[in-house]
Amino acid sequence: MLVSYTRSGGFAGISETVVVHRDGTVTTGRGRAAEFTLGKARIRDLRQALDGVTTRTSSRRWCNIPDHFAYTLAYRGWRATRCHQLPEDWRPAVTRLEALIRSSADSR
C-alpha cells in the first residue's frame, strides 16, 4: 500500500475510503467499491503532495462535535486521524485523494 485515506462522519454518517497501492492500483469505497489504475505522472504528483504532510499525529480536539468529519491518513509507516478541521498541510494530498473517490463514483 502507498496510502490510504478515509473521511467519515457528517450529518449523514458517510464513509469514503481510497487506497492507492504502489503499482498505481486504486480501490475506492463510497457505496459500492471501484477499482482502477493511476498513471505514473499522477502517482508522482500524489507522492509529492503526501511528502508535504508534516502533521503526522492524531488529534482529539473537536472530536466530540456532533456531525463532524474525521479524516484518517496513512502513509509511509504513520497513521493519523484529525477531527473537524483538516490540517493545512494535508489539503494538497486530500484534494487529490478525494478527487479519486469522486471520479470513481461519477464513472459508475
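Accessible areas here come from the Shrake-Rupley method with a 1.4 Å probe. On that basis, the protein chain of this predicted model exposes about 6400 Å², and carbon and sulfur atoms supply 48% of that area. The chain has 108 residues, of which 43% are buried. Its secondary structure consists of two helices and six strands, arranged from the N terminus on in the order β-β-β-β-α-β-β-α. Among contacts with a sequence separation of 6 or more, 49% are between residues 24 or more positions apart.

The N-terminal segment was examined at Met-1, which lies before strand β1 (3-9). Met-1 is partly exposed, its relative accessible area being 48%. Apart from neighbours within four places in sequence, Met-1 is in contact with Val-19, Val-20, His-21, Arg-22 and Ala-74. Met-1 and Gly-24 are separated by 23 residues in sequence, and their C-alpha atoms are 9.5 Å apart in space.

Strand β1 also contains Arg-7, which takes part in a salt bridge with Glu-98 at 3.8 Å, N to O. Because Arg-7 lies in strand β1 and Glu-98 in helix α2 (residues 91-106), this pair ties together parts of the chain that are 91 residues apart in sequence. Arg-7 and Glu-98 are both buried. For Arg-7 the relative accessible area is 19%, which falls in the buried class because that class covers values under 20%. Arg-7 forms a salt bridge with Glu-16 as well, with 3.1 Å between the closest N and O atoms. Glu-16 is buried, with a relative accessible area of 6%.

In total, five salt bridges are counted in the model. Another of these joins Arg-91 and Glu-88, whose closest N and O atoms are 2.9 Å apart. Arg-91 is partly exposed at 36% relative accessibility, whereas Glu-88 is exposed at 58%. Through shared partners, salt bridges link Arg-7, Glu-16 and Glu-98 into one network. In general, side chains of opposite charge can pair when their charged atoms come close.

Helix α1 spans residues 40-51 and has 12 residues. The distance from its first C-alpha to its last is 16 Å, close to the 16 Å expected at 1.5 Å a residue. Four residues of α1 are buried, namely Ile-43, Leu-46, Ala-49 and Leu-50. These buried residues lie on the same side of α1, because they cover an arc of only 125° around the axis. An α-helix has 3.6 residues a turn, so residues three or four places apart point the same way. The exposed residues Lys-40 and Gln-48 are carried on the face of α1 turned away from its buried side.

Helix α1 also includes Asp-45, which is partly exposed with a relative accessible area of 32%. The side chain of Asp-45 makes a polar contact of 2.7 Å with that of Arg-96. Asp-45 and Ala-93 are 48 residues apart in sequence, while the distance between their C-alpha atoms is 9.0 Å.

In strand β5 (residues 69-75), Thr-72 was considered in detail. Thr-72 is buried, with 13% relative accessible area. Its side chain is joined to that of Thr-81 by a polar contact of 2.8 Å. Beyond neighbours within four places in sequence, Thr-72 is in contact with Ser-4, Tyr-5, Thr-6, Arg-79, Ala-80 and Thr-81.

The loop between β5 and β6 (78-83) contains Arg-76. Most residues other than glycine have a negative phi. Arg-76 is not a glycine, yet its phi is positive, at about 50°. With a relative accessibility of 56%, Arg-76 is exposed, in contrast to Thr-72 in strand β5, which is buried.

Note on methods:
Residues are numbered from 1 along each chain as its sequence is written. This is a predicted model: local features need pLDDT of at least 70, side-chain atom pairs count only at pLDDT 80 or more; totals for chains, interfaces and linings use all residues. Side-chain values use heavy atoms; hydrogens and water are left out. Buried means under 20% relative accessible area, exposed over 50%, partly exposed in between (1.4 Å probe, protein chains only). Contact means heavy atoms within 4.5 Å. A polar contact is a pair of N or O atoms within 3.5 Å; within protein, one must be able to donate a hydrogen and the other to accept it, and residues adjacent in sequence count only if both atoms are side-chain atoms. The expected span of a helix is 1.5 Å times one less than its number of residues. The arc is that of the directions from the helix axis to the C-beta atoms. A salt bridge is a side-chain nitrogen of Lys or Arg within 4 Å of a carboxyl oxygen of Asp or Glu.
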